[in-house]
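Trainee: Please take one part of this model and go through it closely with me, at the level of single residues, and then place it among the other parts worth examining.

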Amino acid sequence: MTLTTMQDIALAGKIVLIREDFNVPINEDGDITNVARILAALPTIKKALAAGAAVMLLSHLGRPKEGLFDEKFSLKPVAACLSDLLGRPVPLIKNWLDGVDVQPGQVVLCENVRFNLGEKANDETLAKKMAALGDVIVMDAFAAAHRPQASTYGIAQYIPTVCAGPLLIDELQSLAKGLEQPDKPLLAIVGGSKVSTKLAVLRNLLEEVDQLIVGGGIANTFIAAAGFSVGKSLYEPDLVNEAKALIIAATRKGAKIPIPTDVVVATSFDKNALATVKPIENVTEDELILDVGPETSNAYAKLVAQAKTIIWNGPLGVFEFPQFAKGTESLARAIADGNAFSLAGGGDTIAAIDQVGVRESISYISTGGGAFLNVAEGKALPTVTILEQRANEQMSYE
Ligand code: AMP
């Protein structure tokens with residue numbers, strides 16, 4: 001992989017855009033509850049400032065409706081946090097598309113890129129406008145590299161100089177180390193809410209893995225495919241046949257997708273709901289499956305212990321409610337206790353790992369959810385592809 005790095009470029013006196021991942025969790029009071037992503041970004045920002053660049057930071061936050069400003073998705077708390085951590089003012093610029101006055105040695109934060117109509121569709125006019133704001137883009141947001149959007153792929157197409165930031169490079173190198181020639185058996189665990197959002201991932205992972213554990217709402221669709229009632233659970237009836245096909249495909253290649261033998265159910269989806277453990281065949285029409293039971297957790301722990309490489313994304317249940325968090329937590333503990341090279345990625349997965357306090361025992365924690373899964377399934381990340389193309393052009397200009 002050929003990428004231009006920050007060291008390869010003279011940044012002094014240049015306007016340097018840095019595409020960050022400041023998509024941090026913010027509570028109802030407007031406080032950031034986890035600043036890890038902001039802390040991780042600091043060295044890149046400091047490096048650009050020390051090199052004499054005028055720095056403009058770009059990021060998305062959440063999923064606002066495009067084209068509209070919405071205070072709820074404002075980067076205001078991020079600007080305040082950055083000002084504290086950098087010990088200098090980091091003004092938040094609300095209207096930045098037509099140009100910002102930023103001098104060498106200064107840093108500004110541009111308001112949520114997703115307030116701009118055309119961001120997600122990588123609208124050419126928008127991308128060109130963004131690219132016209134600076135001389136260089138440093139792409140440092142791994143978690144946003146899998147979708148070709150205006151502030152990622154689009155800017156990189158049109159701005160004079162592009163480079164990959166240190167965070168992005170570190171993430172790509174670490175994932176390659178674990179995935180290019182994984183020690184077998186390879187176990188993938190894909191949890192979360194919906195088969196539909198992870199179908200391509202499930203199909204592709206099946207080609208590579210020796211075992212596939214599905215969890216959460218995804219597992220519910222597989223439970224239905226295996227012929228059990230899932231009551232009022234979150235599941236996708238129109239994907240039951242797809243789940244059946246995946247079970248058959250797995251069996252054909254000697255892999256397995258185990259179906260939970262016991263589950264934790266409730267009659268309502270709320271944080272005070274009473275949790276009941278029962279065998280999978282006893283789920284009634286008025287119940288929701290919200291976690292796996294202890295017997296299933298033990299079975300999964302055995303699979304984890306046998307694996308030499310583990311890829312994990314997505315919770316096994318509604319881990320946000322303590323009474324339905326045990327399946328996900330016991331999985332995190334089993335992975336931490338085992339000897340496999342373990343790669344975990346995605347916001348919920350990291351939150352679950354932190355809930356158990358086993359971060360140090362996971363071999364590599366990726367900041368990306370979708371991007372992590374794309375790499376895990378061997379797909380090129382579009383924004384990395386454009387950075388490579390531009391790196392080759394930049395080399396041939398020299
Ligand atoms: P995803 O964004 O697709 O990775 O899904 C993560 C979300 O799935 C988390 O907020 C979990 O609470 C939720 N989830 C996991 N298991 C279930 C379940 N059995 N029923 C409903 N939601 C679930």
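Mentor: Contact here means heavy atoms within 4.5 Å, and that is the term we need to begin with Glu287. This is a predicted model, in which local features need pLDDT of at least 70 and side-chain atom pairs count only at pLDDT 80 or more, while totals for chains, interfaces and linings use all residues. Residues are numbered from 1 along each chain as its sequence is written, and side-chain values use heavy atoms, with hydrogens and water left out.

Glu287 sits in the loop between strand 10 (276-279) and strand 11, where strands (E, at least two residues) and helices (H or I, at least four) are DSSP runs numbered from the N terminus. Glu287 counts as buried because its relative accessibility is 10%, the limit for buried being under 20% relative accessible area (exposed is over 50%, partly exposed in between, with a 1.4 Å probe and protein chains only). Once residues up to four places away in sequence are set aside, Glu287 touches Val230, Gly231, Lys232, Ser233, Val265, Ala266, Thr267, Lys278 and Asn282. With one of these, Lys278, the side chain of Glu287 makes a polar contact of 3.1 Å; such a contact is a pair of N or O atoms within 3.5 Å, of which, within protein, one must be able to donate a hydrogen and the other to accept it, residues adjacent in sequence counting only if both atoms are side-chain atoms. The side chain of Glu287 also reaches the backbone nitrogen of Thr284, at 2.9 Å.

From this loop we can turn to the ligand. Among the 14 residues around the ligand, those that come nearest are Ser193, Lys198, Ile289, Glu320 and Asp348, a residue being near if one of its heavy atoms lies within 4 Å. Two of the approaches are to ligand oxygen atoms: an N or O atom in the side chain of Ser193 is 2.9 Å from one, and a polar side-chain atom of Lys198 lies 3.1 Å from one. Ile289 instead offers a polar backbone atom, 2.9 Å from a nitrogen atom of the ligand. Taken alone, the ligand exposes 500 Å², of which the protein buries 79% (areas by the Shrake-Rupley method, 1.4 Å probe). Helix 7 (216-225) and strand 11 (288-292) are the elements that give two or more residues to the shell, and helix 7 gives the most, with 3.

The largest nonpolar core has 78 residues, of which Trp96, Phe142, Leu202, Leu212 and Phe222 touch the most other members; a core is a set of buried Ala, Val, Leu, Ile, Met, Phe, Trp, Tyr and Cys residues joined through side-chain atoms within 4.5 Å. Beyond its neighbours within four places in sequence, Leu202 is in contact with Val190, Val195, Leu212, Val214, Ile218, Phe222 and Leu246. Another core, of 30 residues including Ile32, Val55, Val136 and Val138, lies apart from that one.

Two further buried positions complete the picture. Ala150, in helix 4 (residues 150-158), is buried with a relative accessible area of 0%, and its C-alpha is 4.1 Å from that of Asn122, although the two are 28 residues apart in sequence. Thr383, in helix 13 (residues 382-397), is buried at 1%, and touches Met139, Ala144, Ala145, Arg147, Thr152 and Tyr153, residues up to four places away in sequence not being counted.
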